[in-house]
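Work through the exercises below with the sequence and the coordinates at hand. Each task is followed by a solution in steps.

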Amino acid sequence: MVKEYLDKYPRNPARTLWLMKPVAKVLKIFFKTIVHRPVTILYPYEKMWVPENFRGRPGLRFDRCVACGMCVRMCPTACIKLVEVPDDAGAPVKRPQVNLGRCAMCGYCAEYCPVDAMTVTPDFELAEYTRRDLIYGPRRLAYDGITEGMEIRIEETLMSDIARGEPERRVSPFMTDRPELLASKCISCKKCEKVCPVDAVKMVEHGVNEKGRPILYPEFDDVKCISCGNCIADCPKDALTLKEVL
Amino acid sequence: MADERKLECACGAAPMDTDKMWVIMGPQHPFSHGLWTLKAQIDGEIVTDAEPIIGYLHRGWEKECENRTYPKIIPMADRLCYAASMTYTHLYCMTVEKALGIDVPEKAKYIRMVADEICRIQSHLMWLAAVGTDLGNLTVFLWAMREREFFMDLNLRLCGARMTTNFPRIGGVRNDTTELFDRDVLRCVERFEKAIWDVIALVDDSSIFLSRMKGTGYLTREQCVNLGITGPAMRGNGVDFDIRRDDPYDNYDKVDFEVPVLKDGDSYSRYMVRIEEMFQSCKIIKQAMRKVAALGKNAPYRLKVPSRVPAGRAFMRMEDPRGESLMYLVSDGTDKPYRLKVRSPIFVNVSASKPLVQGSRIADVPVIMAMIDMCLGETDR
């Protein structure tokens, strides 16, 4: 290998022509400059092209969101909050609200959204007059334009797949990881059923206890479950764990 | 006493005796894009003593990491140094991967290398721009920033953000290279290899630059080793050590590149080392992109990793654009680190400011200190 600069430059024979070189250089740059197009744009009237995967402010698809709170948990700056708003039919539902004054545009909310409701948008002009205006409610957060790079999906490869010789398979943790019950700890409080955003938990009776009350254990619908981890976080006795497929 | 001396001076009988004076340079600087103070004791025009004062940008980074789960620290690691965000994120991911004991897919390694080298080039260009303004040449600043813009666009094309990229992930990288990325990289790099000569000519052909840089900020090889200086500042002093070559991480042992080492030990040799490093980075990018293309489209680039790191300790070091950066992770088996220590190259390099500026003229101080490429985000953490 050669050193591009150190080998060439300090012994450059052109340096002996010290008088001609600057003149030639200036002329070259002069002609280059009068020929090529302007490199600047008239910003408010013209806009720069942004690529499809540009990470601007977060956007929300209102109808897809299930209020699982994954974005709230993953946000590194804690700028997302679930607030109650009426949906299209008027019933109160919880949807994320983003404080863009604190948003770091990292795209984690879109990446870790199990239902692709949070997206990144190419919207970057976010100047407002007050800080209060920077708080984007769920309706204002909505962004309907759809481009390919907007919804970020986690496409991971399992280590077991590589060992098996199938390195081309891609999974997302929301497809593979499911909560698992340690039945000896469960007290049949039904909290997991209540907090599940997609109704994937069903309490199933497993006989009665000595007081005559029914013993209920949660059963998880693997198809409906999005592995948001709400049931695990809310379990009062830590009977649930997330079983990670690796 | 003072009156007596004044009288002596006035009559011109005795030699002039001047008081030593402390000049406080900073925290707002002509020569660095962060807040730090350099107290310089001057005797006339000659600097006799210097003392760096840092800590204006302390954010409690290491403590804050203890309250976050492992993936949430990645965007924070970006903000350690805005000019080298990719390398710090990469370093953090490598540390956690080492603690987990997993091996990253080949494709992810090469993409990370490409990202790192893009980051190195744009960081060095940022430094070149800063040197230009320190020495009063705004053209160098503008041209270097113009070249840097192409690499920022590459970052944008790769991961959707220009500066705080949030790109490497524990177990791989965030996304595969986008469709035309390899074409864009090659175009950009080939263009850069020609265009940077304009900026080099501005500096190397200018006697103002050369007289400021040659023979100033001199350190011997022994001093450099004893002070713990790393990075281009060390290689400009004749120490032949580069972690990419001598303790290779990722796939740096599978690409061919040269480590520039110069023995002069002054500011100019540090400048030359950095310029040569940019060319070598271009070479690494080209080779790594070829390897990425050879691996095919469907090669895995991101592994699924457990959210909990087994209890233990791990550390990893890497060649940052500024020197050797290291992260030391102590894990207690939960999904949050127990302790995450960052060794920042600049924190150590800035402690060498006294031997660097001692004996030089006060007007040379900005360019001498610019040659260690201060970045305060990582220094103060």
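**Exercise 1. The interface between chains A and B**

Task: In this predicted model, state how many residues each chain gives to the contact between chain B and chain A, and describe the side that belongs to chain B.

Solution.
- Step 1. Chain B contributes 31 residues and chain A contributes 31 residues.
- Step 2. On chain B, the elements that supply two or more residues to the side touching chain A are α3 (73-78), α6 (138-159), α7 (181-204) and α12 (267-295).
- Step 3. The largest share of that side of chain B is four residues, from α12(B).
- Step 4. Sorted by class, the residues of chain B that touch chain A are 17 nonpolar, five polar and nine charged.
- Step 5. For the model, the scores are ipTM 0.82 and pTM 0.86.

**Exercise 2. Confidence and overall form of chain B**

Task: Find where in chain B the pLDDT is below 50, and test the radius of gyration of chain B against that of a compact globule.

Solution.
- Step 1. Chain B has a mean pLDDT of 85, with 94% of its residues at 70 or more.
- Step 2. The pLDDT is below 50 over residues 1-9 of chain B, a stretch with four contacts in the model beyond near neighbours in sequence. Predicted coordinates should not be read in detail where pLDDT is low.
- Step 3. A compact globule of 381 residues would have a radius of gyration near 21 Å; the value for chain B is 23 Å, which agrees.
- Step 4. The C-alpha trace of chain B spans about 85 × 50 × 35 Å along its principal axes.
- Step 5. Chain B holds 16 helices and eight strands, and 52% of its 381 residues are buried.
- Step 6. Of the contacts in chain B between residues at least 6 apart in sequence, 71% join residues at least 24 apart.

**Exercise 3. Helix α6 of chain B**

Task: Check the length of α6(B) against 1.5 Å a residue, then say which elements its buried residues pack against.

Solution.
- Step 1. α6(B) has 22 residues and should therefore span 32 Å; the distance between its end C-alpha atoms is 31 Å, which agrees.
- Step 2. The buried residues of α6(B) include Val140(B), Trp143(B), Ala144(B), Glu147(B), Arg148(B) and Phe151(B). An α-helix has 3.6 residues a turn, so residues three or four places apart point the same way.
- Step 3. The buried residues of α6(B) pack against α5 (106-134) and α7 of chain B.
- Step 4. Just after α6(B) comes Gly160(B), with a positive phi of about 90°.

**Exercise 4. Two alanines with positive phi**

Task: Ala67(A) has a positive phi, and Ala78(A) also has a positive phi. Is Ala67(A) buried or exposed, and is Ala78(A) buried or exposed?

Solution.
- Step 1. Most residues other than glycine have a negative phi. Phi is near 60° at Ala67(A) and near 55° at Ala78(A).
- Step 2. Ala67(A) sits in the loop between β1 (58-60) and α3 (70-74) of chain A, while Ala78(A) sits in the loop between α3 and β2 (80-86) of chain A.
- Step 3. Ala67(A) counts as buried because it has 20 C-beta neighbours inside 10 Å, and the cut-off is 20 or more.
- Step 4. Ala78(A) has 11 other C-beta atoms within 10 Å and is therefore exposed, the limit being 12 or fewer.

**Exercise 5. Arg212 and Pro260 of chain B**

Task: Place Arg212(B) and Pro260(B), and say why Arg212(B) counts as buried.

Solution.
- Step 1. Arg212(B) lies in helix α8 (residues 207-213) of chain B. It counts as buried because it has 22 C-beta neighbours inside 10 Å.
- Step 2. Apart from neighbours within four places in sequence, Arg212(B) is in contact with Leu135(B), Asp364(B) and Val367(B).
- Step 3. Arg212(B) and Tyr249(B), 37 residues apart in sequence, are 37 Å apart from C-alpha to C-alpha.
- Step 4. Pro260(B) is in the loop between α11 (243-246) and α12 of chain B. With 23 other C-beta atoms within 10 Å, Pro260(B) is buried.
- Step 5. Pro260(B) and Val140(B) are 120 residues apart along the chain, and their C-alpha atoms are separated by 23 Å.

Methods: Residues numbered from 1 in each chain as written. Chains lettered and ligands numbered in written order. Predicted model: local features only at pLDDT ≥ 70, side-chain atom pairs only at ≥ 80, totals over all residues. Contact = placed C-beta atoms within 7 Å. Nonpolar A, V, L, I, M, F, W, Y, C, P; charged D, E, K, R; others polar. pLDDT = per-residue confidence, 0-100. Rg over C-alpha atoms; globule rule 2.2 N^0.38 Å. Expected span 1.5 Å × (residues − 1).
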